[in-house]
Amino acid sequence: MNISYAFKNFDPSDHLKEYAASRFEKMGKFIGDTMETELQINLAVEKFRHQAEVILTADSVHISAYEESEDMYSTIDLVLDKLESQLKRMRERHKERRRAGTPRNARMDVISFSDDAGERAPTIKESDLFEPKPMSVDEAAMQLGTLKHEFLVFRHSDTDRVNVLYRTKTGDFGLIDPGN
């Protein structure tokens with residue numbers, strides 16, 4: 001995470017610089033190390049008002065917060081609390097979207113038929129729990145072409161739904177898309 005500071009209408013003390021740096025370094029726990037993140041911190045003094053504006057820019061995130069008070073240290077704390085609450089809200093919304101989607105795991109059962117006096121009763125011989133991999137239809141067709149299986153269960157990368165690609169008797173492929 002790249003942090004840059006801008007000071008307007010005052011010369012900051014070394015203690016204030018260290019305090020701001022230590023407080024804003026904690027933002028890394030909300031962002032993570034995978035994103036290229038820029039944090040711009042603008043601190044200003046106008047008469048008796050101490051102002052802080054923070055702009056956080058990452059891959060798909062743009063968050064800003066503004067706060068003012070009569071003390072620069074409390075202004076930094078207030079703007080940091082505001083930014084943290086925005087990031088927590090954003091993270092919770094992201095988790096809720098993932099939970100509201102289709103189940104991440106699919107269950108696969110193998111059914112066998114036994115022949116008892118002409119009656120066929122299906123029994124479940126095996127059960128397996130797995131997570132379908134996200135891929136496009138073309139990637140799934142290429143993978144099924146290299147495998148000896150009759151079908152492939154995968155998560156469509158565009159729609160995020162579980163689809164089934166199967167091999168027809170003619171050697172072509174068929175696609176089952178639930179279309180929710």
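This report describes salt bridges in a predicted model and the solvent exposure of the residues that form them.

## Overview

The predicted model holds six salt bridges. Side chains of opposite charge can pair when their charged atoms come close. Three of the pairs are described below, together with a network to which one of them belongs.

## E46, R49 and E68

E46 forms a salt bridge with R49, and the closest N and O atoms of this pair lie 3.0 Å apart. Both partners fall in the intermediate exposure class, since E46 has a relative accessibility of 30% and counts as partly exposed, while R49, with a relative accessible area of 33%, is also partly exposed. The pair is part of a wider arrangement, in which E46, R49 and E68 are linked in a network of salt bridges.

## D160 and R155

In the salt bridge between D160 and R155, the closest N and O atoms are 3.9 Å apart. The acidic partner, D160, is partly exposed at a relative accessible area of 34%, whereas R155 counts as buried, with a relative accessibility of 2%.

## D177 and R161

D177 pairs with R161 in a salt bridge whose closest N and O atoms are 3.0 Å apart. Because D177 lies in the segment after β10 (173–176) and R161 in the loop between β8 (151–156) and β9 (162–167), this pair ties together parts that are 16 residues apart in sequence. Here D177 is partly exposed, with a relative accessible area of 35%, whereas R161, at 17% relative accessibility, counts as buried because its value falls under the 20% cut-off.

Definitions and conventions
Residues numbered from 1 in each chain as written. Predicted model: local features only at pLDDT ≥ 70, side-chain atom pairs only at ≥ 80, totals over all residues. Heavy atoms only, no water. Salt bridge = Lys/Arg side-chain N within 4 Å of Asp/Glu carboxyl O. Buried < 20%, exposed > 50% of the residue type's maximum accessible area, 1.4 Å probe, protein only. Helix = DSSP H or I, 4+ residues; strand = E, 2+ residues; numbered from the N terminus.
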